[in-house]
Amino acid sequence: MQYLGPFIILVWFIMTTMIYMSTKAKRRKFSYKSLFFGSLAWEKNSRNWLLILGLFLLVSLNPITDTFVFLILLGCYIIVLAGTGLLLHRGNHRQHIQALFFSIFLIGLACYPLLSNLR
């Protein structure tokens, strides 16, 4: 049962990657909000419910270190998306640079509790 939450989050990652790959190159109206959460209202979008269910199962059934590892993986995933967005000239460069800084902050935020337990 403890593998169900990470599996659902993995499905969410795959769905997000497929949507990112299907966006047209050099599209000016690219948005991370629509990529991660969709254009529908949050309660009508099945991807949002997958993410909410996966996070709930991850936090409630797994140790807290798994949640921090998920945040680190999410930060690395955003770095890859922002890097390819910069290289492929998708959307505005400012939003990709903001996503890079956010992901570095997210990785640092998740690494701090993991590294403080090593003392």
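**Helices, core and patch**

Biologist: Where is the place of isoleucine 14?

Modeller: This is a predicted model: local features need pLDDT of at least 70, side-chain atom pairs count only at pLDDT 80 or more, and totals for chains, interfaces and linings use all residues. Residues are numbered from 1 along each chain as its sequence is written; side-chain values use heavy atoms, without hydrogens and water. Helices (H or I, at least four residues) and strands (E, at least two) are DSSP runs, numbered from the N terminus. Isoleucine 14 sits in helix H1.

Biologist: Is isoleucine 14 buried, partly exposed or exposed?

Modeller: Buried means under 20% relative accessible area, exposed over 50%, and partly exposed in between (1.4 Å probe, protein chains only). Isoleucine 14 has a relative accessible area of 45%, so it is partly exposed.

Biologist: Which helix gives the most to the nonpolar patch?

Modeller: Patch residues have over 30% relative accessible area and no salt bridge (a side-chain nitrogen of Lys or Arg within 4 Å of a carboxyl oxygen of Asp or Glu). Like charges are joined within 9 Å, and nonpolar side chains (Val, Leu, Ile, Met, Phe, Trp, Tyr) within 5 Å. The patch covers about 730 Å², and Ile14 is one of its residues. Five residues come from the top contributor, H1.

Biologist: How many helices does the protein chain have?

Modeller: From the N terminus on, the elements run α-α-α-α-α. There are zero strands, and the helix count is five.

Biologist: Which helix supplies the largest share of the largest nonpolar core?

Modeller: A nonpolar core is a set of buried Ala, Val, Leu, Ile, Met, Phe, Trp, Tyr and Cys residues joined through side-chain atoms within 4.5 Å. This one has 18 residues; Phe13, Tyr32, Phe36, Leu74 and Leu81 touch the most other members. H1 (4-22), H2 (32-37), H3, H4 (64-88) and H5 (93-116) each supply at least two. The largest share, six residues, comes from H4.

Biologist: Which residues does phenylalanine 13 touch, not counting those up to four places away in sequence?

Modeller: Contact means heavy atoms within 4.5 Å. With sequence neighbours up to four places away left out, phenylalanine 13 touches Phe70, Leu74 and Tyr77.

Biologist: Why does leucine 51 count as buried?

Modeller: Leucine 51 lies in helix H3 (residues 46-61). Beyond four places in sequence, leucine 51 touches Trp12 and Phe37. Leucine 51 counts as buried because its relative accessibility is 12%.

Biologist: What separation do the C-alpha atoms of leucine 51 and serine 116 have?

Modeller: Along the chain, the two residues are 65 residues apart. Their C-alpha atoms are separated by 28 Å.

Methods
Areas by Shrake-Rupley, 256 points an atom, 1.4 Å probe, with all protein chains shown as cover.
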